[in-house]
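Hi,

Here is the structure I promised to pass along. Have a look, and my notes follow underneath.

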Amino acid sequence: QVQLVESGGGLVQTGGSLRLSCRASGRVFSVGAMGWYRQAPGNQRELVARISSGGIINYADSVKGRFTISRDNAKNTVYLQMNSLKPEDTAVYYCNAKDGLAPQIDFWGQGTQVTVSS
């Protein structure tokens, strides 16, 4: 059905920036909230940021002021601009989207690695 394709991860130095993107493709009838989660080895997957279809945004406290989430509904794409990156931001970042008509259904991307070196 819906496939989420992520890009933009990579290796950066502390203080650097990356921009992640995630596009929903396939049979997309309606996409609800979209967001980014991350998971470091041995840790639980945690919410980084999310944005509703209407533009309501939530951030994890750890990234407030550094990360910015946005979306282009016409392209079914969500972005995560990450500035002032820290080593503790190192993780696999996963895109998430909810079915707009059945929000109990979640779609997940394959994950993109973000590594911040010091």
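S4 and S9 run antiparallel and are joined by seven bridges, with Trp-36 opposite Cys-95 in S9. Strands here are DSSP E runs of at least two residues, numbered from the N terminus, and two of them pair if DSSP finds at least two bridges between them. S4 also runs antiparallel to S5, with five bridges, and there Tyr-37 stands opposite Leu-47. The hairpin of S4 and S5 has six residues between the strands, and Gly-42 in it takes a positive phi near 80°.

Bear in mind that this is a predicted model: local features need pLDDT of at least 70, side-chain atom pairs count only at pLDDT 80 or more, and totals for chains, interfaces and linings use all residues. Residues are numbered from 1 along each chain as its sequence is written, and side-chain values use heavy atoms, leaving out hydrogens and water.

S4 is mostly covered, with eight of its nine residues buried (under 20% relative accessible area, 1.4 Å probe, protein chains only).

Now the cavity: a set of points on a 1 Å grid over the protein atoms alone where a 1.4 Å probe fits but cannot get out, with lining residues having an atom within 4 Å of a point. One cavity of 30 Å³ or more turns up, and the largest has a volume of about 40 Å³, taken as the space filled by probe spheres set on points joined across faces, edges and corners. Its lining includes Ala-33, Met-34, Arg-50 and Asn-96. S4 (31-39), S5 (46-51) and S9 (91-99) are the elements giving two or more residues to that lining, and S4 gives the most, with four.

Cheers

Key:
On a 1 Å grid over the protein atoms alone, a cavity is a set of points where a 1.4 Å probe fits but cannot get out, and a pocket is an open set with protein on both sides within 12 Å along at least five of seven lines; lining residues have an atom within 4 Å of a point. Buried means under 20% relative accessible area, exposed over 50%, partly exposed in between (1.4 Å probe, protein chains only).
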